[in-house]
Amino acid sequence: MATEAERALGTFIRNHPTDNARRGRVAIGALLVGLVFSAVAIPVTIALFSEGGDGAQFAGLLWGGALIGLYGGISSGLRTLGRHGEVFVLREDGLVYRRTGETRVLPWTAVRGVVERGQGHALGRLMGWDVHLVIRLRDGGRLLLTGYTEDAARLTAEIQTAVAATAAHAR
């Protein structure tokens, strides 16, 4: 049910819910990959230091994979735990952001700027990084829209267009 503040943003366009279950599955997968790489990297590193020899690059690659997997798993896991019920509601004159326990009603004038840092390669799509829109708010806060959100690319384009139009109109 829309509040009065939400209705003040004009006509409802559509909801964009976030697939938090997918984010959780990816977090578990990335964490497992990081743990497997760590399990292989530890004995390789020990052997490298105790026996000497070549293999520093291989050990470095293993540790790199371990750190990326662990970081991806932990950061996605924390987002999964903290963003239940996440949905972006597009309205004519702004955006409503909801998650369990929080609702933000944001007219386009409340958005300072947007930065898209998506990664369109296969791993990026798998990890939900294909869309990574940072929405910077005038109050200093920010929102993050990722590829886990339904039709995120379309929503990103619409947000970018609306924020640019609002900035141009303000000049």
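The buried residues of helix 5 pack against six strands: strand 1 (12-17), strand 2 (87-91), strand 3 (94-99), strand 5 (111-116), strand 6 (132-137) and strand 7 (142-146). Packing here rests on contact, that is, heavy atoms within 4.5 Å. Helices (H or I, at least four residues) and strands (E, at least two) are DSSP runs, numbered from the N terminus. The model is predicted, so local features need pLDDT of at least 70 and side-chain atom pairs count only at pLDDT 80 or more, whereas totals for chains, interfaces and linings use all residues. Residues are numbered from 1 along each chain as its sequence is written, and side-chain values use heavy atoms, with hydrogens and water left out.

Helix 5 itself covers residues 152-170; at 1.5 Å a residue its 19 residues should span 27 Å, and the end C-alpha atoms are indeed 27 Å apart. The expected span of a helix is 1.5 Å times one less than its number of residues. Ala152, Leu155, Thr156, Ile159, Ala162 and Val163 are the buried residues in question. Viewed down the axis of helix 5, the buried residues fall within an arc of 135 degrees, so they line one face of the helix; the arc is that of the directions from the helix axis to the C-beta atoms. The face turned away from this buried side carries the exposed residues Ala153, Thr161 and His169. Buried means under 20% relative accessible area, exposed over 50%, and partly exposed in between, with a 1.4 Å probe and protein chains only.

The loop between strand 7 and helix 5 contains Asp151. This residue has a positive phi of about 55 degrees although it is not a glycine. Most residues other than glycine have a negative phi. With a relative accessibility of 39%, Asp151 counts as partly exposed.

Among the strands, one aromatic pair is counted. The ring centres of Phe88 and Tyr97 are 5.1 Å apart and their planes lie at 55 degrees, so the pair is tilted. Rings of Phe, Tyr and Trp (its six-membered ring) pair if their centres lie within 6.5 Å; planes under 30 degrees apart count as stacked, over 60 as edge-to-face and the rest as tilted. Both Phe88 and Tyr97 are buried. Strand 4 (residues 102-107) includes Glu102, which is buried at a relative accessible area of 19%. The side chains of Glu102 and Arg104 are joined by a polar contact of 2.8 Å. A polar contact is a pair of N or O atoms within 3.5 Å; within protein, one must be able to donate a hydrogen and the other to accept it, and residues adjacent in sequence count only if both atoms are side-chain atoms.

In its unreviewed entry, UniProt places the feature "domain: Low molecular weight protein antigen 6 PH" at residues 91-157. Over that range the chain is 16% helix and 45% strand, with end C-alpha atoms 14 Å apart. UniProt positions are given in the numbering used here, feature names are shortened, and annotations may be inferred rather than shown by experiment.

The same unreviewed entry lists residues 26-49 and 55-74 under "transmembrane region". Residues 26-49 are 100% helix and 0% strand, and their end C-alpha atoms lie 34 Å apart. For residues 55-74 the figures are 95% helix and 0% strand, with 28 Å between the end C-alpha atoms.

Helix 2 (residues 20-51) has 32 residues and reaches 46 Å from its first C-alpha to its last, close to the 46 Å expected. Its buried residues include Asn20, Arg23, Ala27, Gly34 and Leu48, and what covers the buried set includes helix 3, helix 4 (122-126) and strand 7. Leu32, also in helix 2, is exposed at a relative accessible area of 51%. Leu32 and Gly73 are 41 residues apart in sequence and 7.9 Å apart in space, C-alpha to C-alpha. Just after helix 2, Gly52 takes a positive phi of about 70 degrees.

Ser76 belongs to helix 3 and is buried, with a relative accessible area of 5%. Not counting residues up to four places away in sequence, Ser76 touches Arg23, Ala27 and Tyr148. Arg83 is found in the loop between helix 3 (56-82) and strand 2, where its 17% relative accessibility counts as buried. Beyond its neighbours within four places in sequence, Arg83 is in contact with Asn20, Arg23, Tyr97, Arg99 and Leu144. By contrast, Arg83 and Ile46 are 37 residues apart in sequence and 40 Å apart in space, C-alpha to C-alpha.
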